[in-house]
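Work through the exercises below with the model open beside you. Try each task before you read its solution.

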Amino acid sequence: MSLSSALSIAQSALLATSRQTSVVTRNVADADNPNYSRRIALVTSTTPGARSVDVQRAANDLLFRQNLGALSAYAGQNALYGGMDQLDVSVNGVDNASSPSTAIANLQQALQLYATSPSNQNLGSSVIDAAKQVVRSLNEGSKAIQDFRTQTDGQIDTAVKDLNSLLNQFQDANTAVMSGTRSGTDVSDALDQRDALLKKIANYIPVSTFTRGDNDMVITTGDGTTLFETIPRAVSFAPSTGYAAGAAGNAVYIDNVPVSAGSGGNTTASGTIAGLLQLRDGVASTMQSQLDETARGLITAFAETAPSMPNAAGLFTWSGAPAVPAAGTLVDGLAGTIKINAAMDPSTGGNPTLLRDGGANGAAYVVNTGGASYSNLLVAYGDQLDKPMTFDPSAGISATSSVADYAANSIGWLQGVRQQASTAADAKEALAQRSADALSNATGVNVDQEMSLMLDLEHTYQASARMMKTVDDMMTALLNAVG
């Protein structure tokens, strides 16, 4: 081997080692970056003694796809569970203190006390006050639900805007990957950026991907709708300024295909958008229906009756009074409009004794002609609160129940779904974390491994440096001998 060949080999080795060292240094610097994939410097021989370094990026498509799916599932579940927590407190208060169920229980106690001493007008006024609290809980609960739906609508709008922004950023990253692939330059950084954007997109909507020539990536949703192909597809949503009970929310469209809302406590929703849609149009709307049915049950339970006369709204009245709502049929928004009959409300000049005697709807409905000690009607009202009646099954709970039990079952329904959502959120969070760890183990940076490799490279560098010094000494000796 000639001295010039030996020098060329030593120089090539030094350059290759320098390139490898640079790659290891970059790996260590980005070890804490969850969106960074480890770079691998592969040394290949070209002409005898010459070396070149090819930098490759660690990847595992199977684990990456699993992580995307787990991220979507957890995002949808977390959106549902977090919203249900807020909704529960808004409607029922802490420990159900302001719930209709608690207010109805207090009304029953006030009725029982009044029935034991029907001549005590203070007790009669207490019943009216307790009834007002029932009305307040229903009115405020209904308003809280519709405010929550409006707020959730705003969150959906924000999510759609964020998703559109991410898709535009993805287009830039995908273009950079394609351009670099065509020119033969290193596209590792662009691939990292593209994968990081995919993770963010998966938090909003479930995604599936496939790669075409030049590393061009196409994104579809979980149901096969195209989300990105060369350019982003339009994700559209028209938010509402406010909601009324029974009003349906607007859909989110991807390339003119509506996004399906999730269902169930262990929700089928994948991605934040589907979880928010379930909250707005599923959970919140069901709670509203249950409040409306509770209100209808109260109007029915306290209705005044008379021979040869239709039943008429008594203690609790509504916009359709004096008629009583049809049995077993949901009236949208009733919980928001139910009120106390002014004829019995002393604050509006009414007389509480009409509850004891009857007659809020005229003389034909008077029941008590026996004096101030009459309690039969009060006892009957108390019994009506515990008497089974028919409720609309579309409200999601038992179709046959007493009003008191129905209000309690409404709380139980929400708590049951919340518990399912909580358990599922924990499980899906753990799955997302495990899939992220598995992906990190396969494609992330192990600092200990990198430092060990750095030591090996230092030894290689030292050997190449010694070789260069030896060649230099030999050439110096040769020149001195010639001179």
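Ala, Val, Leu, Ile, Met, Phe, Trp, Tyr, Cys and Pro count as nonpolar, Asp, Glu, Lys and Arg as charged, and the others, Gly among them, as polar. By that scheme, the lining of the second largest pocket splits into nine nonpolar residues, seven polar and one charged. Keep in mind that the model is predicted.

**Exercise 1. The pockets**

Task: State how much space lies in the largest pocket and in the second largest pocket, and describe the lining of each.

Solution.
- Step 1. Take the volume of the largest pocket. About 680 Å³ of space lies there.
- Step 2. List its lining. It has 35 residues, and S37, R57, F64, D195 and L439 lie nearest the centre.
- Step 3. Assign the elements. Those that give two or more residues to this lining are α2, α5 (188-204), β3 (207-211) and α10.
- Step 4. Sort by class. The lining of the largest pocket holds 14 nonpolar, 12 polar and nine charged residues.
- Step 5. Turn to the second largest pocket. Its space is about 230 Å³. Of its 17 lining residues, I205, P206, D223, V259 and S260 are closest to the centre.

**Exercise 2. The cavity**

Task: Find which element gives the most to the lining of the largest cavity.

Solution.
- Step 1. Count the cavities. The structure holds one of 30 Å³ or more.
- Step 2. Take its volume, about 80 Å³.
- Step 3. Write down the lining: V91, N92, S99, P100, S101, M287, Q290, L291, T294, A407, S410 and I411.
- Step 4. Map these residues to elements. α2 (61-92), α3 (100-116), α6 (272-301) and α10 (403-443) each give two or more.
- Step 5. Pick the top contributor. α6 gives the most, with four residues.
- Step 6. Check the chemistry. The lining of the largest cavity has six nonpolar residues, six polar and no charged.

**Exercise 3. The loop between α2 and α3**

Task: Decide whether G93, D95 and N96 are buried, partly exposed or exposed.

Solution.
- Step 1. Fix the cut-offs. Buried means under 20% relative accessible area, exposed over 50%, and partly exposed in between.
- Step 2. Place the residues. G93 lies in the loop between α2 and α3. D95 is found in the loop between α2 and α3, and so is N96.
- Step 3. Apply the cut-offs. G93 is buried, because its relative accessible area is 15%. D95 is exposed at 74%. N96 is partly exposed at 21%.
- Step 4. Look at the backbone. D95 is not a glycine, yet its phi is positive, about 55 degrees. N96, also not a glycine, has a positive phi of about 65 degrees.
- Step 5. Find the surroundings of G93. Beyond residues up to four places away in sequence, G93 touches D88 and S98. Its C-alpha atom is separated by 9.8 Å from that of S137, which is 44 residues apart along the chain.

**Exercise 4. The open sheet**

Task: Work out which strands stand at the edges of the four-stranded open sheet.

Solution.
- Step 1. Write the order, β3-β4-β5-β6, with antiparallel pairing.
- Step 2. Read off the edges. β3 and β6 (231-232) each have a single partner strand, so one side of each is left without a neighbour in the sheet.
- Step 3. Inspect one pair. Two bridges join β5 (residues 226-229) to β6. E229 stands opposite I231 in β6.

**Exercise 5. The hairpin and the core**

Task: Locate the residue with a positive phi in the hairpin of β10 and β11, then name the contacts of F316.

Solution.
- Step 1. Define the hairpin. β10 (residues 304-306) and β11 (residues 309-312) run antiparallel and are joined by two bridges.
- Step 2. Find a bridge. A306 has M309 in β11 as its partner.
- Step 3. Check the turn. Two residues separate the strands, and S308 takes a positive phi near 60 degrees.
- Step 4. Move to the largest nonpolar core. It has 90 residues, and I201, F302 and F316 have the most contacts inside it. Helix α4 (residues 121-183) supplies the largest share, 18 residues.
- Step 5. List the contacts of F316. Leaving aside neighbours within four places in sequence, they are L107, A131, V134, V135, L298, I299, F302, I338, K339 and I340.

How values were computed: Residues are numbered from 1 along each chain as its sequence is written. This is a predicted model: local features need pLDDT of at least 70, side-chain atom pairs count only at pLDDT 80 or more; totals for chains, interfaces and linings use all residues. Side-chain values use heavy atoms; hydrogens and water are left out. On a 1 Å grid over the protein atoms alone, a cavity is a set of points where a 1.4 Å probe fits but cannot get out, and a pocket is an open set with protein on both sides within 12 Å along at least five of seven lines; lining residues have an atom within 4 Å of a point. Grid points are joined across faces, edges and corners, and a volume is the space filled by probe spheres set on the points. A nonpolar core is a set of buried Ala, Val, Leu, Ile, Met, Phe, Trp, Tyr and Cys residues joined through side-chain atoms within 4.5 Å. Buried means under 20% relative accessible area, exposed over 50%, partly exposed in between (1.4 Å probe, protein chains only). Contact means heavy atoms within 4.5 Å. Two strands pair if DSSP finds at least two bridges between them.
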